[in-house]
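The following exercises concern salt bridges, strand pairing and helix packing. Please study the sequence and the model, attempt each task, and then compare your reasoning with the worked solution.

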Amino acid sequence: MDYVNLGSTGLRVSRLCLGAMSYGAPDRGPHPWSLPEEQARPFIRQALELGVTFFDTANVYSDGTSEEILGRALKDFADREDVVIATKVHGRMRPGPNGAGLSRKHIMTEIDNSLRRLGTDYVDLYQIHRLDPATPIEETLEALHDLVKAGKVRYLGASSMWAWQFAQALYLADRHGWTRFVSMQNHYNLLYREEEREMLPLCADQGIAVIPWSPLARGKLTRDWQQDTARSGTDEFGKTLYAGAEENDRQIVDAVATVAEQRGVPRAQIALAWVAGHPAVTAPIVGATKPHHLDDAVAAVALTLTDQERKLLEHGYRPRPVAGFG
């Protein structure tokens, strides 16, 4: 496993990040396909054995149980200072007018709840899961800065938004002397490349780490076009991400299959190698619900595609509506 700096910070992270959205109580939240604790723990241990030190979750995943499972596993299998734990805030965690969003009240409440569930005194990377249009961005940035100064958070990150919004947040942090965002967790894969227009160049210019979510396009890039899974049939958010370009998407999926066959490797390795090979990308976030998922992911970051292979994989792409901000 290779290790790189998280953007322009001194924090070193593995070139892969294990996403924990797949781990949590199946009856808590909108993910009935998530793995309960006894099934999830072996994947966290396997990741550590493969050299993964970077783990990402969110308070809303399976109603907080993802954080609980990840925290207990890392406490049992690793030393706290050897791992980088990332979680997120924004989504609804309770009924009522202050049960969601990025107000100072919600942020201050949710960091303590996340720390309790994770079983740790601090979070390495605390990310805003989405923007909150009902809260002034200045209020959000100052509250996050205060968490850093209080020692509850080491670094700050953001997730999917317009590039101009991210640029505004970076500017305001600099202007007021608040802690800057150091990472962007955005939607990026062979089927969704709209981030190449402005967000990826902005991050490269500003020294921001890019840690893409869904680098395998919800698994669409790893299987035959018509093949479904238990997750694809119930993932309502996932169904909104790739509408309107079926013929182009099919061409790209077929191209992944062709390159994988020529290389003699699984399709997942090709699709992930393409994402990891972008010079702006720091560490793709991968999910794992089968042992070979992590083996493929580790192999992918060591795989270098040729210019001809990348051209074949990219040829079928056409501009599509922005998706993933909701």
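**Exercise 1: A salt bridge**

Glu110 and Arg94 form a salt bridge through their side chains, with an N to O distance of 2.5 Å. The model is predicted: local features need pLDDT of at least 70, side-chain atom pairs count only at pLDDT 80 or more, and totals for chains, interfaces and linings use all residues. Residues are numbered from 1 along each chain as its sequence is written, and side-chain values use heavy atoms, with hydrogens and water left out.

Task: State in which parts Glu110 and Arg94 lie.

Solution. Step 1: A salt bridge requires a side-chain nitrogen of Lys or Arg within 4 Å of a carboxyl oxygen of Asp or Glu. Step 2: Helices (H or I, at least four residues) and strands (E, at least two) are DSSP runs, numbered from the N terminus. Step 3: Glu110 belongs to helix H3 (residues 104-118) and Arg94 to the loop between strand E5 (84-89) and H3, so the pair ties together parts that are 16 residues apart in sequence. Step 4: The count by this rule is 19 salt bridges.

**Exercise 2: The sheet**

Task: Determine the order of the eight strands in the open sheet and identify which strands stand at the edges.

Solution. Step 1: Two strands pair if DSSP finds at least two bridges between them. Step 2: The order is E9-E8-E7-E6-E5-E4-E3-E10, and the pairing is parallel. Step 3: Strands E9 (209-210) and E10 (285-286) are at the edges with a single partner strand each, so one side of each has no neighbour in the sheet. Step 4: E9 pairs with strand E8 (residues 181-185) in the parallel sense over two bridges; Ala209 in E9 is the bridge partner of Ser183.

**Exercise 3: Helix packing**

Task: Describe how helix H8 (residues 246-263) is oriented against helix H11 (residues 307-314).

Solution. Step 1: Axes are lines fitted to C-alpha atoms, for helices over the stretch in contact (heavy atoms within 4.5 Å), and angles run from 0 to 180 degrees between N-to-C directions. Step 2: The axes of H8 and H11 come within 8 Å and cross at roughly 155°. Step 3: Angles under 35 degrees count as roughly parallel, over 145 as roughly antiparallel, 65 to 115 as roughly perpendicular and the rest as oblique. Step 4: H8 is therefore roughly antiparallel to H11. Step 5: Contact residues include Ile252 and Val256 of H8, and Leu312 and Leu313 of H11.
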